[in-house]
Amino acid sequence: GLAERLAALIDASRGLERLSDPELSIVCFRFRPEDAMGDAAVDELNQRIMETVQAEGRVFVTNAIVGGRFALRACVLHFGTTEADLAALCEAVADVGARLLAQKRLG
């Protein structure tokens with residue numbers, strides 16, 4: 001299904017890390033910078049990613065706590081969702097994550 005396809009895209013994406021196996025329509029994942037960052041900093045970054053992608057309106061994710069870590073939670077239910085939509089979700093999260101990370105380095 002769509003959740004399995006999204007999980008495969010996340011697994012294949014540099015900078016994204018899946019935190020759980022897909023369950024029905026839900027996939028939990030996060031942006032994981034290559035830099036050595038502590039878990040608390042990665043959690044904070046992913047919370048900011050969630051808030052930013054919601055505000056920008058390109059894609060929508062919520063959150064969950066998985067294994068004590070802040071996770072982005074994608075729920076793929078709409079029958080019209082395409083592979084391109086799933087790729088756009090991964091791209092938006094990776095783009096926003098990289099942008100926020102660059103701002104943090106410059107700030």
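Hi everyone. Let me start with one residue, Thr81, which sits in the loop between S4 and H3. What I'm showing is a predicted model, so a word on confidence before we go on. The protein chain has a mean pLDDT of 93, and 99% of its residues reach 70 or more. Confidence is highest in S2, at 97, and lowest in H3, where the mean is 93.

Back to our threonine. Is Thr81 buried or exposed? It is buried: its relative accessible area is 18%, and the cut-off for buried is under 20%. Its side chain reaches the backbone oxygen of His78 at 3.0 Å. If we leave aside the neighbours within four places in sequence, Thr81 is in contact with Leu2, Val76 and Leu86.

Two of those names come up again with Leu6. Again setting aside neighbours within four places in sequence, Leu6 is in contact with Val76 and Leu86, and also with Val27, Ala74, Leu89 and Cys90. That brings us to the core. The largest nonpolar core has 29 residues, and Leu6 is listed with Ile49, Leu72 and Val93 as having the most contacts inside it. Which elements supply at least two residues each? They are helix H1 (2-12), strand S2 (26-31), helix H2 (39-56), strand S4 (69-75) and helix H3 (83-106). The largest share, eight residues, comes from H3. For general background, nonpolar side chains tend to be buried together in soluble globular proteins.

Now the sheet. There are four strands in an open sheet, ordered S1-S2-S4-S3, and the pairing is antiparallel. Why do S1 and S3 each have one side without a neighbour in the sheet? Strand S1 (16-18) and strand S3 (62-66) stand at the edges with a single partner strand each, so one side of each stays free of a neighbour there. On average, and ignoring direction, neighbouring strands in this sheet are turned by 45 degrees against each other.

Let's go through the two edge pairings. S1 and S2 are joined in the antiparallel sense over three bridges, and here Leu16 stands opposite Phe31 in S2. At the other edge, S3 and S4 also pair in the antiparallel sense, over five bridges. If you'd like a pair to look up on screen, Ile65 has Phe70 in S4 as its bridge partner. The hairpin of S3 and S4 has two residues between the strands, and Gly67 in that hairpin takes a positive phi near 60 degrees.

How do the helices meet this sheet? We can go back to the S1 and S2 pairing, with its three bridges, and build outwards. H3 packs on the sheet and touches S1, S2 and S4, with its direction making about 25 degrees with that of S2. H2 packs on the sheet too, touching S2, S3 and S4; its direction makes about 30 degrees with that of S4.

I'll finish with another threonine, Thr52, found in helix H2. Thr52 is buried, with a relative accessible area of 18%. What does its side chain reach? That would be the backbone oxygen of Arg48, at 2.8 Å. Leaving out neighbours within four places in sequence, Thr52 is in contact with Val96, Arg99 and Leu100. Thanks for listening, everyone.

Terms used
Residues numbered from 1 in each chain as written. Predicted model: local features only at pLDDT ≥ 70, side-chain atom pairs only at ≥ 80, totals over all residues. Heavy atoms only, no water. Core = buried A, V, L, I, M, F, W, Y, C linked by side-chain atoms within 4.5 Å. Buried < 20%, exposed > 50% of the residue type's maximum accessible area, 1.4 Å probe, protein only. Contact = heavy atoms within 4.5 Å. Pairing = 2+ DSSP bridges. Axes fitted to C-alpha atoms, helices over the stretch in contact; angles between N-to-C directions. pLDDT = per-residue confidence, 0-100. Polar contact = N/O pair within 3.5 Å; in protein donor to acceptor, adjacent residues only side chain to side chain.
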